[in-house]
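Below are my notes on the model you sent, set out as numbered points. They cover the sheets, the ligand site and a few backbone details.

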Amino acid sequence: MTDTREPPTPPARRPLVLQLAALLYSRAVVLPLVTAAAVIAAWEAVVRIRHIPDVLLPAPSAVAMRLAETLPFLLQHAVPTTLETIAGFAISAVLGIGLAVLVSASRFAREALYPNIVFFQLIPKIALAPLFIVWLGIGSSSRVTFSVFISFFPVVVATLTGLVSVDRELLRLCRAVGAKGWKIYTQVRFPAAVPHIFSGLKIAITFAMIGVIVGEFITAQAGLGYMILFAASQAEMALIFASIVLLCVIGLALYALVVVAEAFALKRYGA
Amino acid sequence: MSRVIVEPELPFEPPANEFHAITARAVQKVYWTASGPVEAVAEANFEIDSGDFVAVLGPSGCGKSTLMLMVAGLEPTTSGVITLDGQPVTGPQTTAGMMFQDPTLLPWRSVLDNVLFPVSMCRPIMPDDRKRAEHLLHMVDLWQFRDKRPRELSGGMRQRVALARALINDPSILLMDEPFSALDAITRDEMGLALASIWDSTHKTAIFITHSIREAIFLSDRVLVMGRRPSTIIEDIRVPFPRPRKPSVEADPAFNELYLYLKASIVHKPVVQ
Ligand SMILES: Nc1ncnc2c1ncn2[C@@H]1O[C@H](COP(=O)(O)OP(=O)(O)O)[C@@H](O)[C@H]1O
Ligand SMILES: [Mg+2]
């Protein structure tokens, strides 16, 4: 047998467009889309075949038409919902991370605060929503506050987990070189916690939106939550679904923003 | 009238010999745990001369790591005194460079910035520090990798980064706790050779904890053996081979003799209690 040792040609990198096309046709993308399409098609078929009235369950096509008709109007209502969600989320992030740092850094703070924070979480928080309206009125501030109230806890827990996840020997090394406590936080503990913090933030962004919608249900002034209640009172089922679709899109977009930020952070701070 | 001149009486504890870089006097360590006290070190006495490379052998759990942490000032002694350069150790010693079984690098820092980590934690980095870090990276043969992240390196390379980091402050002593234990046999031998050659050019006083008797003999000027708990130092042996050491030293019959002797002293010591 002859052994002609040719150097193996390195696999040529495919152009980006082709890579994207390959991703699009890959099972991981196609399969869930096909499943979702099948469910929607079945929904449409059932509504048409059984002649289900619109006031009970509108067909997806009817929802789509209603959404197209009312989009400018719905978008107007989407603005406060979105802004309040972002505000609630941002405050939760700062408050949650700050509390976690405080609780992990000071034994006094830990013993005084942490059991109470955990206890707070056991309260069925949605039951407290009306209280926030009583205290803070029917404006944005009550909805944002309530949104913070239900979304900051995951940030605290995730950040704490991250802050204490640092390798013992690394901390030993810090002490050995005579590092100050705050330096250890900024240079070691906090960067190490970044991946954990983002897992908390991803939960917080969805909770923040839930908080705002519950607030809108109660204060009933504006926003997509309000639209849903209003449409229900008018038996406008297609409008309810149209509002929900828009909420899903906004929720997904906000979540995606956090995921993109996470991807950047992990590139820098990930293992 | 002539009087006999009486020599002044020596104080009860003689001042530490300035040639001893490290001394331990009746050092005991008890950890108080939920399940009761654990005597990690019963009594340790030794002196280590400046520039000596001392290996410490002993069964798992006999208190080797604890002893090293006490020398570094990271664990207080329960009783007894440790001195570095004649000064009693009372807190963390910034004059000690340390290495552990895991490289414990910061994944978000480049190799160069990891080497500079001890400096960056307590003062601003000066151009001189950078030069020194670059010099050390040449020494551990990682110069080309200075801008890489730890995840892009092999286990042996990461441990070499940790070695460069331990040397960044030009420490007077080097404390290493099983630094090569997590590496495969071949990489481990390479690291041993690298460490030997670095030691030949720096002559740092070093304590090197290991489970490998061959590694201990190959690297050190002296081997201490700790016994099972309650642990004391049960052997203290000079290693006679000339430096710089070459791998061929393992072929020396005296090497094997020492190996067998140490092996017997670790294995056959009666387990107390
Ligand atoms: N921080 C600690 N708290 C309680 N017990 C400890 C601690 N560190 C070590 N020990 C105990 O002390 C003994 C000696 O441990 P160590 O010094 O790590 O031994 P070695 O390094 O020789 O394996 C072991 O029994 C271990 O369980
Ligand atoms: Mg150990």
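**Notes on the predicted model**

1. In strand S5 of chain B, Gln87(B) is the bridge partner of Leu84(B). The model is a predicted one, and this pair is a convenient place to enter its four-stranded sheet. S5(B) covers residues 87-88 and is joined to S4(B) by two bridges, with the two strands running antiparallel. Pro88(B) in S5(B) stands opposite Thr83(B).

2. The turn between these strands deserves a look. S4(B) and S5(B) form a hairpin with two residues between the strands, and Asp85(B) there has a positive phi near 50 degrees.

3. On to the next pairing of S4(B). This strand, residues 79-84, pairs with S1(B) in the antiparallel sense, over five bridges. Leu84(B) in S4(B) has Ile22(B) opposite, and Ser79(B) in S4(B) has Gln28(B) opposite. Leu84(B) is thus placed opposite Ile22(B) and is also the bridge partner of Gln87(B) in S5(B).

4. S1(B) also pairs with S2(B), again antiparallel, and here ten bridges are found. The two strands make a hairpin with two residues between them. Ile22(B) has Ile48(B) as its bridge partner in S2(B), so that row of the sheet can be followed through Ile22(B) to Leu84(B) in S4(B).5. Which order do the strands of this sheet take? The order is S2-S1-S4-S5 (chain B), in an open sheet of four strands with antiparallel pairing. Because S2 and S5 of chain B stand at the edges with a single partner strand each, one side of each is left without a neighbour in the sheet.

6. The second sheet of chain B is also open. It has six strands in the order S6-S7-S8-S3-S9-S10 (chain B), and its pairing is mixed. Its edge strands are S6 (96-99) and S10 (233-238) of chain B, each of which pairs on one side only. From one strand to the next, the twist averages 15 degrees.

7. At the S6 edge, helix H5 of chain B (residues 155-167) packs on the sheet and touches S6 and S7 of chain B. The direction of H5(B) makes about 170 degrees with that of S6(B). S6(B) and S7(B), the latter spanning residues 173-177, run parallel and are joined by four bridges. Met99(B) has Met176(B) as its bridge partner in S7(B).

8. Next, the ligand site. Which residues come nearest to ligand 1? Among the 13 residues around ligand 1, they are Gly61(B), Gly63(B), Lys64(B), Ser65(B) and Thr66(B). By class, the shell around ligand 1 holds five nonpolar, six polar and two charged residues.

9. Three contacts with oxygen atoms of ligand 1 can be checked directly. A polar side-chain atom of Ser65(B) lies 2.6 Å from an oxygen atom of the ligand. For Lys64(B), a backbone N or O atom lies 2.9 Å from an oxygen atom of ligand 1. For Cys62(B), a backbone N or O atom lies 3.2 Å from an oxygen atom of ligand 1. Taken alone, ligand 1 exposes 560 Å², and the protein buries 67% of that.

10. The ligand site draws on the four-stranded sheet as well as on a helix. Strands S1 (20-33) and S2 (36-49) and helix H1 (64-71) of chain B each supply at least two residues of the shell around ligand 1. H1(B) gives the largest share, three residues.

11. Two cis peptide bonds in chain B should be inspected. One runs from Arg229(B) to Pro230(B), with omega near -5 degrees. Pro230(B) is in the loop between S9 (222-226) and S10 of chain B. The other joins Arg243(B) and Pro244(B), where omega is about -5 degrees. Pro244(B) is in the loop between S10 and helix H8 (253-267) of chain B.

12. One backbone detail belongs to chain A. Ala235(A) is not a glycine, yet has a positive phi of about 55 degrees. Where is Ala235(A) placed? Ala235(A) is in the loop between helix H9 (224-233) and helix H10 (237-269) of chain A.

Terms used:
Residues numbered from 1 in each chain as written. Chains lettered and ligands numbered in written order. Predicted model: local features only at pLDDT ≥ 70, side-chain atom pairs only at ≥ 80, totals over all residues. Heavy atoms only, no water. Pairing = 2+ DSSP bridges. Axes fitted to C-alpha atoms, helices over the stretch in contact; angles between N-to-C directions. Contact = heavy atoms within 4.5 Å. Near = heavy atom within 4 Å. Polar contact = N/O pair within 3.5 Å; in protein donor to acceptor, adjacent residues only side chain to side chain. Areas by Shrake-Rupley, 256 points an atom, 1.4 Å probe, with all protein chains shown as cover. Nonpolar A, V, L, I, M, F, W, Y, C, P; charged D, E, K, R; others polar.
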